[in-house]
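Reader: I'd like to go through this one by asking why things get the labels they get. Can we do that?

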Amino acid sequence: MPSTFGFINAKLLFCLLVISILYHSAFVTSKPTGFSLRAVIDDSPESPLYLIENLTIAERLERLIKISYARVNYLNLVSSGDAKLVPDNIRIPILRDALYYAVAFTIGSQGHPVKLLMDTGGGLIWTQCLPCTNCFPQKLPIYNPTASTSYATLPCSHPLCNGDRRLYNCEHGRYCVYNAQYGGGASTSGIASTEAFHFFVDQHSTHPFNVIFGCSYDSRDITFMNTDISGIFGLSFSPDSMASQFSALIQHRFSYCLAPFDDATPRPLVLRFGEDIPQLPPQSVGSTQLIASPTSYFFYLGLKDISVAGHRIGFPPSIFQIKPNGLGGFFIDSGALFTHIDADALGGNAYAEVLKVFAAYYGSKSLKQTGASPEGFELCYERPPNFDEFAALTFHFDESVYTVNGQYMHVIAPNFFCVGILKGSSVSVLGAWQQQNKRIIYDGGRGILEFADENCMNDIA
């Protein structure tokens with residue numbers, strides 16, 4: 001397997017596939033300072049897992065592994081208002097296909113439909129714009145800013161374009177411009193702008209929110225070409241992300257609960273914001289501090305140690321710390337399908353040590369390793385009839401522990417199973433597979449991540 005895959009490889013990289021379409025929507029009630037995004041099944045041909053049920057189990061696993069590696073490679077390269085503004089009901093439909101989601105909304109005074117990939121690891125929100133210098137083909141019409149009376153360019157005096165902490169640059173004293181570089185040589189550049197993003201408040205009306213976004217005129221090597229998708233929708237800690245721009249309304253809080261991925265029919269899910277996030281019993285909630293990085297806006301966690309099947313490995317305290325160059329560390333990202341453990345961590349090969357304990361556990365069960373494993377998984381075993389003694393894994397933080405049920409720590413087929421961990425290169429990531437049936441709450445306002453076991457099949461309100 002190549003060590004690097006193109007940006008958003010042919011089956012797409014990100015956790016949340018944001019689709020903006022004027023029709024095909026669903027709604028539920030939200031609180032005045034919160035709203036939710038409801039998921040429905042997406043079986044369109046441009047879906048990242050379209051017709052995946054026609055593949056063999058090994059082919060499915062290899063496809064998911066490639067998506068997960070491509071996602072982490074990409075992440076390694078990524079460099080106000082009040083509650084009265086929020087109607088009581090905001091429904092932005094999310095189309096779900098296994099690990100990917102699509103959200104419907106429109107932009108501009110003309111109600112132009114767009115489709116964007118939502119990225120919890122990135123900040124820049126962008127879509128292709130006319131006139132194009134170098135645009136990739138897309139199925140939906142390309143947005144034309146001159147047709148919208150609510151469109152404006154971001155002034156060079158804006159903090160995002162001026163000062164030591166600027167994200168964009170002023171060009172010719174007139175335009176605030178950006179140039180985003182992604183893994184695999186992909187890039188997009190254009191003019192930072194503002195526009196009205198319209199979110200549904202009922203089945204017939206929308207409410208506009210003024211959003212800073214990128215109008216891209218030059219995009220290269222983007223592999224979701226020839227689909228409806230025209231750009232990216234960021235949710236990270238970056239100042240230009242949607243979560244940051246909405247922070248005054250939602251306290252920079254959002255949450256999801258991922259239903260088990262082995263369900264034959266993907267169930268509706270809800271991405272929740274602000275006060276729409278459910279209140280959990282304090283005794284059932286774990287939490288840990290979000291760690292700031294000097295070079296990125298990812299959701300880093302202070303991982304101290306790992307246990308497998310009740311055996312605590314005893315890693316040195318520094319092994320999962322962020323390195324001075326910004327590499328290393330441990331962060332949570334639902335866009336990485338599987339957990340990655342760093343093979344080049346500070347102080348040793350953490351990945352090898354974790355797999356060594358899994359191997360010892362299954363050796364004690366006299367299980368036989370398979371001769372051929374799906375590419376990417378190094379530890380797979382033949383599965384005896386009715387075998388279900390899968391080893392759990394626990395991540396140890398200062399404040400609490402995060403335990404992954406053995407069922408969700410593995411990729412399980414009728415005749416074999418694999419430990420669902422991939423080799424990390426200069427980073428460790430808690431992936432979506434190990435977040436199944438967990439309520440995950442990102443609370444940027446308090447600087448913590450909260451988590452609790454939950455039957456996510458019920459999170460469909």
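Author: Sure, and keep in mind that this is a predicted model. Let's begin with N437, which is found in the loop between β29 (428-430) and β30 (438-443).

Reader: Why does N437 count as buried?

Author: Its relative accessibility is 16%, and buried means under 20%. The value falls under that cut-off, so N437 counts as buried.

Reader: What is N437 in contact with, leaving aside its neighbours within four places in sequence?

Author: The list is L258, P260, Y408, A452, D453, E454, N455, C456 and M457. Y408 also turns up in a polar contact with N437, side chain to side chain.

Reader: What makes the N437 and Y408 pair a polar contact?

Author: The distance is 2.9 Å, and the definition asks for a pair of N or O atoms within 3.5 Å, one able to donate a hydrogen and the other to accept it. The pair is therefore called a polar contact.

Reader: Now S426. Why is S426 called buried?

Author: S426 comes out at 13% relative accessibility. Buried means under 20%, so the label fits. S426 lies in the loop between β28 (421-424) and β29, and it has a positive phi of about 70° although it is not a glycine.

Reader: H172 has a positive phi too, as I understand it. Is H172 buried or exposed?

Author: Exposed: the relative accessible area of H172 is 69%. The cut-off for exposed is over 50%, so H172 gets that label. Its phi is about 60°, and it is not a glycine either. You'll find H172 in the loop between β10 (169-171) and β11 (175-181).

Reader: And what makes T153 partly exposed?

Author: T153 has a relative accessible area of 35%. Buried would need under 20% and exposed over 50%; 35% lies in between, so T153 is partly exposed. T153 belongs to strand β9 (residues 152-153). Leaving aside neighbours within four places in sequence, T153 is in contact with I191, A192 and S193. T153 and Y175 are 22 residues apart in sequence and 7.3 Å apart in space, C-alpha to C-alpha.

Reader: Where does the cis peptide bond sit?

Author: Between L130 and P131, with omega at about -5°. P131 itself is in the loop between β8 (126-128) and β9.

Reader: On to the sheets. How do you know that β23 and β27 pair?

Author: There are three bridges between β23 and strand β27 (residues 416-419), in the antiparallel sense. Pairing takes at least two bridges, so these strands pair. One residue to look at is C380, whose bridge partner in β27 is C418.

Reader: Which order do the strands of that sheet follow?

Author: The open sheet of three strands runs β23-β27-β26, with antiparallel pairing. β23 (380-382) and β26 (410-412) are called edge strands because each pairs on one side only. From one strand to the next, the twist averages 20°.

Reader: And how do you know that β24 and β25 pair?

Author: Four bridges join strand β24 (residues 393-397) to β25. At least two are needed, so that counts as pairing. H396 stands opposite V401 in β25. The open sheet here has the order β20-β19-β24-β25 and is antiparallel. Its edge strands are β20 (311-312) and β25 (401-404). Helix α4 (residues 350-364) packs on this sheet, touching β19 (303-308), β20 and β24.

Technical notes:
Residues numbered from 1 in each chain as written. Predicted model: local features only at pLDDT ≥ 70, side-chain atom pairs only at ≥ 80, totals over all residues. Heavy atoms only, no water. Buried < 20%, exposed > 50% of the residue type's maximum accessible area, 1.4 Å probe, protein only. Contact = heavy atoms within 4.5 Å. Axes fitted to C-alpha atoms, helices over the stretch in contact; angles between N-to-C directions.
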